Amino acid sequence: MTRLFTALLAMLLSFGLAAQAQPLRLQITEGVIEPMPFAVPAFVPEDNGGSQYAEALSRVVAANLTSTGLFREVPPTAHIARITSFDAAVSYPDWRAVNVQALVVGAVAANNSTLTVKFRLFDVVSGQQMGQGLQFAGSVQDWRRMAHKVSDAVYSQITGEGGYFDSRVVFVAESGPRENRTKQLAIMDQDGQNIRTLTDGRSLVIAPRVSPAGDRAVYTTYQTGSPRIALMDLRSGQAQLVGEIPGAMTFSPRFAPDGRALVFSAAIGSTTDLFRLDLGTGQMVRLTNSPAIDTAPSFSPDGRFLTFESDRSGSSQIYVMPVGGGDAQRISFGQGRYSTPVWSPRGDLIAFTKSHAGRFHIGVMRSDGSEERLLTASFLDEGPSWAPNGRVIMFTREAQGGDPALYAVDITGRNLRRVPLASPASDPAWGPLLP
Amino acid sequence: MSVASDIVGRMDTGQKASAVLHLGLVGWVLVFDLFHAPSSDLELPVAEVSLISATEFAALSAPPAPAPEPAPMPVPEPTPPPAQPEPGPQPEPAPEPEPESTGAIFSPVPTPGATERPAPRPVDRVAPTPTEAPPEDATVDLTAQPQTSADAPGDVVLPEQEQVAPPEATTEIVTEATETATDSLERAAAAPTVSPRPRTRPERPAPVEVAETPEPSEDPAPAPEPEAEPVTDVATEVADAVAAALADSLAGIGNAPQQTGLSASEADRLRLAIQQCWNIGTLSTEAQQITVTLGFSMTPGAMPEQGSIYLVDSTGGTDGAVSQAFEAARRAIIRCASSTNGYGLPPESYEAWRNVEITFNPEGMRLR
């Protein structure tokens, strides 16, 4: 009996000793949200041809990362260490001394018309490389795309989200006096570079949308005098009218997630309803049939639902319904008018335009209408379009008496910035990541 | 006496116990007056009153005049839907003189549970300008005096005087009656989440052997049950030992820093140091929702050993998002120690902070 008690005592005492070795436990619930300092020294030229791109590549990468608002560049003039070889060991103390936390080291070589770019990303705080180094090869004419690819890889490695730098935006480029404005369809890199017009400006064009593959665009054109839907091949520039309904005005088209169908609005008589057009067969299906105005449809990423705006309740609100039609559920219940809903590529949020008390806002809400957040406010903000990664929204902002311009904002509401364009622009449609 | 002994001798054990208990209860009532009724001869409070007339009473008890009701708000007319759809561009909105916004986040409704920094409880002293509480070791005087030095430059050499601090003061009196619910919540939030654990039970003194004095008895003492006495002693000692061992064991399990040899302020200083380096701004929106717990060891110089940092636990999210959240927390642990050349913890309590586990919970920073 005594042995049993002694064993019990020993067990408890040993448990006690083990428990006394427990670590100090703390909990942190508040941190900071600030840009991460990074450095991108000029890429190392590995031959004579690469030297003319070495500096430019690093500058594009730095500009891309800075534009997100998540990163802050430590300028090259502040660097202590010099990168002279792609494979040289990184002097972490020198980079820590200038408060760099992420370091991008790259090299470039140009052989005839082929450009080869490679890079490595280093976590200066931990003193180790992050992930694997990558190498891209392409035409020298596409050197900016190579820089965008590097930027996307760095962004993804640090944030854990997909990038959006190697993507393009179709928009409406405006010129001329306000009372006689010329509107042309145009396409640019997401950073406002490489602008190329797609239409000649003889007819008014509005509301372009890019196909999921990025090879086509649909938009509303007034080339016949009334709104019609046109489908354009972005490589050839050839366009044709689609979704013709005799006696009806058709407008506000958008691609299905598989790119094989369109959904759009048609005004027939005093009503405006939604229709679905199969681009392969030309078959058309009516999705709504109400005396109200149903317009601005947008697919969910899985293609099972549609969100659209309708004034069937008396004022413009946002609704969600099955893709084949049926019961539509109203999801917006705040004050003001809601319009132009667009489903996020991630599927979790719907971006919208809201007007209330004389102000316009770009906002987001969950697909059930909950957790509404307004990201912007101004005299006129409208027409949101999602970046391919669902983190950034581009839209049109127009100041009172001013020209329209393109702006972008993070879905956190931070980092509102103007897309650098020399001329007025509106109706952005963000395309997918390029292959 | 012999009759009583005879009666006792014929009683069984249960009857003996019952008799002892009943006698004890009667004795308790007699001695301690257990069922003592409260005294009724307490002094009654007496207050002086004055007589007033019926008219004065009616004037005092009349209800106050009702406040005028606000005018009803006009009900806005419902906006009729437009008769004809307008597929063209949006109509130009009415001119708006307000300046442009910088694009801040708006939340339509306040988020319940949003945490704020707790406000200090107002002090009793009222002054034109508020004064923070002086350090505990400071001398408090109604008039703050800067410390002077006899060798300070100047025309007049003042005698050296001791520096004193003004007493803690505030600009208004806030009583408990005027405290708002928010104040109470804030004070509740400022309350410590863990209370100090009671000290372990002291060891029992070694038993002192005392010579037993045999009780005089005419009857021979009943034969003692041989197992009864030893079992009682061992059981008591084992119970005491188990209690002591449990108390010692449990003392090391809690997260109260006081019990580990690190003061609350020192532990809080470590927490704040790491907190200011925990940057979740570059994390994905998914990773910003994840709670991770990291464990690591520290050198005697209070520098975290990088190779020892590991993931203890995580809540929610995909593996990739957990990895991002882990890296952000890891950078926080390393970066702040590097920038200050260690966390400056007391070396005498090294064993208390040699191993650390920190839970990084972004609940206070999530998107609302």
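## Exercises on a predicted model

Let's warm up with one residue pair: Ser339(A) sits across from Thr353(A), a residue of strand 25 of chain A. Keep in mind that the model is a predicted one.

**Exercise 1. Work out which strands stand at the edges of the sheet that holds strand 24 of chain A.**

Step 1: Start with the pairing. Strand 24 and strand 25 (residues 349–356) of chain A are joined by five bridges and run antiparallel.

Step 2: Now get the order. The sheet is open, has four strands in the order 24-25-26-27 (chain A), and its pairing is antiparallel.

Step 3: Read off the ends. Strand 24 (337–343) and strand 27 (373–374) of chain A each have a single partner strand, so they are the edges, and one side of each has no neighbour in the sheet.

**Exercise 2. Take Thr340(A) and Ala207(A), find their backbone oddity, and decide whether each counts as buried or partly exposed.**

Step 1: Check phi. Thr340(A) isn't a glycine, yet its phi is positive, about 45°. Ala207(A) isn't a glycine either, and its phi is positive at about 50°.

Step 2: Place them. Thr340(A) belongs to strand 24 of chain A, while Ala207(A) lies in strand 12 (residues 205–210) of chain A.

Step 3: Apply the cut-off, where buried means under 20% relative accessible area and exposed means over 50%. Thr340(A) has 22% relative accessibility, so it counts as partly exposed. Ala207(A) has 15%, so it counts as buried.

**Exercise 3. Describe how helix 2 and helix 4 of chain A cross.**

Step 1: Get the geometry. The axes of helix 2 (residues 48–67) and helix 4 (residues 143–159) of chain A come within 9 Å and cross at roughly 45°.

Step 2: Classify the angle. Angles under 35 degrees would be roughly parallel and 65 to 115 roughly perpendicular, so helix 2 and helix 4 of chain A are oblique to each other.

Step 3: Add the hand: helix 2 of chain A passes helix 4 of chain A in a right-handed crossing.

Step 4: Look at who's touching. Residues of helix 2 of chain A, including Tyr53(A), Leu57(A) and Val61(A), meet residues of helix 4 of chain A, among them Trp143(A), Met146(A) and Val150(A). The contact of these two helices comprises twelve nonpolar residues, three polar and one charged.

**Exercise 4. Find where Thr282(B) lies and whether it is buried or exposed.**

Step 1: Locate Thr282(B) in the loop between helix 6 (264–275) and strand 1 (291–297) of chain B.

Step 2: Thr282(B) has 1% relative accessibility, so it counts as buried.

Step 3: List contacts. Leaving out residues up to four places away in sequence, Thr282(B) touches Met36(A), Leu70(A), Phe71(A), Ile158(A) and Thr159(A).

Terms used: Residues numbered from 1 in each chain as written. Chains lettered and ligands numbered in written order. Predicted model: local features only at pLDDT ≥ 70, side-chain atom pairs only at ≥ 80, totals over all residues. Heavy atoms only, no water. Axes fitted to C-alpha atoms, helices over the stretch in contact; angles between N-to-C directions. Helix = DSSP H or I, 4+ residues; strand = E, 2+ residues; numbered from the N terminus. Parallel < 35°, antiparallel > 145°, perpendicular 65-115°, else oblique. Left-handed = near helix turned anticlockwise from the far one by under 90°. Contact = heavy atoms within 4.5 Å. Nonpolar A, V, L, I, M, F, W, Y, C, P; charged D, E, K, R; others polar. Pairing = 2+ DSSP bridges. Buried < 20%, exposed > 50% of the residue type's maximum accessible area, 1.4 Å probe, protein only.
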